[in-house]
Amino acid sequence: MSQFRWEVGKQLSILVVLLFLFWFIGIAFDFVVPMIILVFSSFIFWHGRQFFILYNWLLSGRKQPVPEGIGPWYPVSEELHRWRLDSRQNKKHLLSVINEFRMSTDALADAVVLLDPNASIIWCNKASYPLLGFSKKKDVGTRITHLLRHPEFIKYLDENDFSEALTIVSPISHEMWISLQITPYLQGQKLLVARDITRLYRLEQVRQDFVANVSHELRTPLTVINGYLEILEDKNEIDMQQFRPIIVQMLAQGKRMKHIVEELLFLARMEKGLQIKSQNSIDMPLLLSQLKQEAQALSATQNHQIELKIESHKGLYANEQEIHKIFCNLVFNAVRYTDPNKKIIIRWFTDPQGGHFSVIDEGIGIAAQDISRLTERFYRVDQGRARDEGGTGLGLAIVKHTLERYRAILEITSELNVGSTFSCHFPSDWVEST
Ligand code: ADP
């Protein structure tokens, strides 16, 4: 500022000197007024030219270096030069902030989409592609409703009430569920965040199915018992002989309900985390012989050919009650779903990978599409047959969850009308070493 003042003062001094000089010349030639006009107009012209040079530079987009001013214009052009450097640095800083923002949002697992007031896409991050199918290259500028045509989403956008998230199926896959949350910002712009909630959605479905299934399973025996009790209520005197079959039926239904509840409670216990290694190992040959006897008792007159293949005497450092229960489930299933006189093999062997228990049957087999669902609670391939056989539909869910406590895996291979193999693979640290 002080330099500017000094330069202005210098210019005024020059003007005064010039005025005096030309005034004297004017007096000498009797030309005073034109001389003074000449001095003023030259002065104005010279400053006007400096002003226009700077003005043109500003209009040209400030890409060229700042034109160097003369006199009082010198500090002005210097100040402009400094401002240009600062704004360049600010621009660089802003660009790096934007880049950092883009990189961090690109690293997010959630999709982030910026929308303008017309709901057209301004920008979207990388995760928008696998979740919503949006790409920065081809979809910027497109209205989001042209890409996400879900009626519920269009309604959500139109209603302009974004207090709650919206759950819809992803346009990428019918198997994927996404939660969308919109947050308005600035004037009419919106920030859309989409999250993959397939796992949560499935869990919620499983919970709802589970409640529905339990109610359904318990309703049948309760209806039977209630029906009989209503008949009994109308009678003044009860002929025990006549009602014995009814009592037997009620007892059977009561037992069935108790069995379902016990299985559910056992399953809940098995879902509670990892098992601790037991001090004593299970005597596997003894356990397998017991299993064979129990299977023969269940088979009774069906005369299944039950064969034991004990290829290792190494035991498991596991809870005997739990292991007996899950092996029993597999062996009893083999008896239930295998026609009379057919062969069932119960096998135990160990190798460097661990211990392996298998039940191999020549039974009805399971279709490929059902295999992956067998361990779901209450899933039965043939509802009627399974119930007739006294099954609860919880057996394989119990097997799977109990095995998970030992970091063991259930493997199922099967072919319709040929037979099935159910194998439990235990990691080596649960198996006796000698
Ligand atoms: P359930 O108590 O009904 O037997 P599980 O969970 O033990 O319930 O078995 C689920 C379903 O898997 C059964 O209903 C049956 O359809 C099928 N299943 C299980 N084991 C076998 C097998 N060895 N052979 C054929 N189907 C089987």
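**Close-up 1. Helix α1 and a nonpolar patch on the surface of this predicted model.** Helix α1 covers residues 2-29, and Phe29 belongs to it. Is Phe29 buried or exposed? Its relative accessibility is 63%, and exposed means over 50%, so Phe29 counts as exposed. Phe29 also helps to make a nonpolar surface patch of about 550 Å². Its partners in the patch are Ile14, Leu18, Leu21, Ile25 and Phe31.

**Close-up 2. Strand β1, enclosed by the rest of the structure.** Take a look at residues 111-115, which form strand β1. Here 5 of the 5 residues are buried, so the strand is largely enclosed by the rest of the structure. In a regular strand, side chains alternate between the two faces of the sheet. In β1, Ala111, Val113 and Leu115 lie on one side, while Val112 and Leu114 lie on the other. Both faces are covered, and each of these residues is buried.

**Close-up 3. The strands that pair with β1.** Strand β5 (residues 189-196) runs antiparallel to β1, and 5 bridges join the two. Strand β2 (residues 121-124) is also antiparallel to β1, with 3 bridges between them. Leu114 is a handy residue to follow here. Which residue of β5 is the bridge partner of Leu114? That partner is Leu191. In β2, Leu114 stands opposite Trp123.

**Close-up 4. The turn of the β1-β2 hairpin.** Strands β1 and β2 form a hairpin, with 5 residues between them. Within this turn, have a look at the backbone of Ala119: its phi is positive, at about 65 degrees.

**Close-up 5. Polar contacts around the ligand.** Two side chains and one backbone are shown here, each with an N or O atom facing a ligand oxygen. For the side chain of Asn333, the distance from such an atom to an oxygen of the ligand is 2.8 Å. The side chain of Tyr337 has an N or O atom 3.0 Å from a ligand oxygen. Gly393 takes part through its backbone, where an N or O atom lies 3.0 Å from an oxygen of the ligand. On its own, the ligand has 530 Å² of accessible area, and the protein covers 97% of that.

**Close-up 6. The shell of residues around the ligand.** There are 21 residues around the ligand, and those that come nearest are Asn333, Asp361, Thr392, Gly393 and Leu396. Which elements each supply at least two residues of this shell? They are α11 (320-336), α14 (395-404) and β10 (419-427). The largest share, 3 residues, comes from α11.

Conventions: Residues are numbered from 1 along each chain as its sequence is written. This is a predicted model: local features need pLDDT of at least 70, side-chain atom pairs count only at pLDDT 80 or more; totals for chains, interfaces and linings use all residues. Side-chain values use heavy atoms; hydrogens and water are left out. Buried means under 20% relative accessible area, exposed over 50%, partly exposed in between (1.4 Å probe, protein chains only). Helices (H or I, at least four residues) and strands (E, at least two) are DSSP runs, numbered from the N terminus. Two strands pair if DSSP finds at least two bridges between them. Patches are made of residues with over 30% relative accessible area and no salt bridge: like charges are joined within 9 Å, nonpolar side chains (Val, Leu, Ile, Met, Phe, Trp, Tyr) within 5 Å. Accessible areas come from the Shrake-Rupley method with a 1.4 Å probe; for residues, only the protein chains shown count as cover. A salt bridge is a side-chain nitrogen of Lys or Arg within 4 Å of a carboxyl oxygen of Asp or Glu. A residue is near a molecule or strand if one of its heavy atoms lies within 4 Å of it. A polar contact is a pair of N or O atoms within 3.5 Å; within protein, one must be able to donate a hydrogen and the other to accept it, and residues adjacent in sequence count only if both atoms are side-chain atoms.
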